[in-house]
Amino acid sequence: MSEEIKKERKKRSLSLIQPTSIPTLGNYLGAMKGWSSFQNDYDTVFGIADLHSITVRQDPKKLRQQTIELYALLLSVGLDPDKSILFIQSHVPQHSQLGWILNCYTMFGELNRMTQFKDKSQQHSDNVNSGLFTYPCLMAADILLYQADIVPVGADQKQHLEITRDIAERFNGIYGNVFTVPEAYIPKNGARVMSLADPTRKMSKSDPNPKGTVYLTDEPSVIMKKFKSAVTDSEMSVRYAEGKDGINNLMTIYSAVTGKDFDAIESEFAGKGYGDFKKAVGEAVVAELEPVQKKYNEYMADKAYLQEQWTKGAEIASKVSQRTLDKVMKKVGFLQK
Ligand code: AMP
Ligand code: TRP
């Protein structure tokens, strides 16, 4: 019997996302679209990393608004509060508490090797604060509190997962098995979406050219306009080939949305011009996002429901994470209340 229970116990998957902007079509096709199916195979935890976001200066009003919007979007892409723990990081004080403790088990030299710290301190050279430096300790706390087995993240977060594993192993080495040592899960078939304005660069939230980035809440007419003005090449044929970055990107998007492979797309558009193709890709994206946007508008019109869900999420997250925190506090020698 106990063997069976063990076998049936699902592994835990956990991921957090920063509320620094409305997610893009790249975030959606590369990550979020796949998250809802995780709910069938894993015990899932998703959170909004608002504590992390203030390592870069935020406008308070905008931060509040973006946090609500992101929470509504997570529900709209299919994350279900009855299947997943869905919380806002600052509502769960255990993150800050374990974050501090882990600061004391992380070496200055380790943090100093983080490429994200180097990049961000160059981008924000007027505000190189210590939170930016110790960011990975808080991220390790996010993950280790829940004893997560896998952490779905983009390739840029791989180094942060490695330091999390190092911190967990160091702590376990001193105190016994306290933390599950997590694995990064970097999706292989998550589409890599490039900017529509410069298809040699990744579609990004922080792109200063708004024409290149499709946001999940863009109106259909805006989406169509962005696709119609997508940069392509001077050829005429819709085919996937080296040097045709713009067309390759549009084919990747079309394929990710419709499920058609590149051969099928090439035959569908044989003899047709780029204009027809761009229009078709735009329409496919509009159709894909339509149900997401419809739900998003419904959720945004019902703040009481959203609040109820994030309050419930915080309660469950606190309860689960307190178990780990209690263990840690006992191990390091803190007195019980
Ligand atoms: P970020 O926007 O960099 O915080 O990334 C959040 C998630 O979306 C990560 O899993 C990224 O790998 C993914 N992501 C971000 N931009 C893209 C893109 N242009 N194409 C595919 N995935 C992306
Ligand atoms: N650092 C991640 C990013 O910028 C966000 C994040 C914070 C996170 N805590 C996490 C991701 C825990 C996975 C697990 O994208």
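**Ligand shells and helices of the predicted model**

Helix α8 gives four residues to the shell around ligand 2, the most of any element. The model is a predicted one, in which local features need pLDDT of at least 70 and side-chain atom pairs count only at pLDDT 80 or more, while totals for chains, interfaces and linings use all residues. Residues are numbered from 1 along each chain as its sequence is written, chains are lettered from A and ligands numbered from 1 in the order in which they are written, and side-chain values use heavy atoms, with hydrogens and water left out.

The shell around ligand 2 holds 13 residues, of which Leu16, Gln18, Tyr135, Asp142 and Gln157 come nearest; a residue is near a molecule or strand if one of its heavy atoms lies within 4 Å of it. Polar contacts were taken as pairs of N or O atoms within 3.5 Å; within protein, one atom must be able to donate a hydrogen and the other to accept it, and residues adjacent in sequence count only if both atoms are side-chain atoms. Aspartate 142 places a polar side-chain atom 2.6 Å from a nitrogen atom of ligand 2. For tyrosine 135, a polar side-chain atom lies 2.7 Å from a nitrogen atom of the ligand, and for glutamine 18 the partner is an oxygen atom of ligand 2, at 3.0 Å. On its own, ligand 2 has 370 Å² of accessible area, and the protein covers 89% of this; accessible areas come from the Shrake-Rupley method with a 1.4 Å probe, and for residues only the protein chains shown count as cover. Two or more residues of the shell come from each of β1 (12-17) and α8 (130-145). Helices (H or I, at least four residues) and strands (E, at least two) are DSSP runs, numbered from the N terminus. By class, eight residues of this shell are nonpolar, four polar and one charged; Ala, Val, Leu, Ile, Met, Phe, Trp, Tyr, Cys and Pro count as nonpolar, Asp, Glu, Lys and Arg as charged, and the others, Gly among them, as polar.

The residues that surround ligand 1 include Gly26, Asn27, Val153, Arg192, Lys202, Met203 and Lys205. A polar side-chain atom of asparagine 27 lies 2.9 Å from an oxygen atom of ligand 1. Backbone N or O atoms also approach nitrogen atoms of ligand 1, at 2.9 Å for methionine 203 and at 3.1 Å for glycine 26. The protein buries 76% of the 480 Å² that ligand 1 exposes when taken alone. Five nonpolar, four polar and three charged residues make up the shell around ligand 1.

Helix α14 (residues 303-332) has 30 residues, and its first and last C-alpha atoms are 41 Å apart, close to the expected 44 Å; the expected span is 1.5 Å times one less than the number of residues. A bend of about 30 degrees occurs in α14 at glutamine 322, the bend at a residue being the angle between axes fitted to the seven residues ending there and the seven starting there. Among the buried residues of α14 are Leu306, Trp310, Ala317, Val320 and Val328, where buried means under 20% relative accessible area, exposed over 50% and partly exposed in between (1.4 Å probe, protein chains only). Tryptophan 310 has 14% relative accessibility and therefore counts as buried. Its C-alpha lies 8.7 Å from that of histidine 91, although tryptophan 310 and histidine 91 are 219 residues apart in sequence. Just after α14, glycine 333 takes a positive phi of about 105 degrees.

Helix α4 (residues 60-76) has 17 residues, and its end C-alpha atoms are 24 Å apart, in agreement with the expected 24 Å. Twelve of these 17 residues are buried, so α4 is largely enclosed by the rest of the structure. The buried residues of α4 include Leu63, Glu69, Tyr71 and Ser76. Glycine 78, just after α4, has a positive phi of about 115 degrees.

Helix α11 (residues 245-258) is also mostly covered, with eleven of its 14 residues buried, among them Ile247, Met251, Tyr254 and Val257. The end C-alpha atoms of α11 are 20 Å apart, which agrees with the expected span of 20 Å.

Most residues other than glycine have a negative phi. Glutamine 147, not a glycine, has a positive phi of about 55 degrees. Glutamine 147 is found in the loop between α8 and β4 (150-152) and, at 22% relative accessibility, counts as partly exposed.
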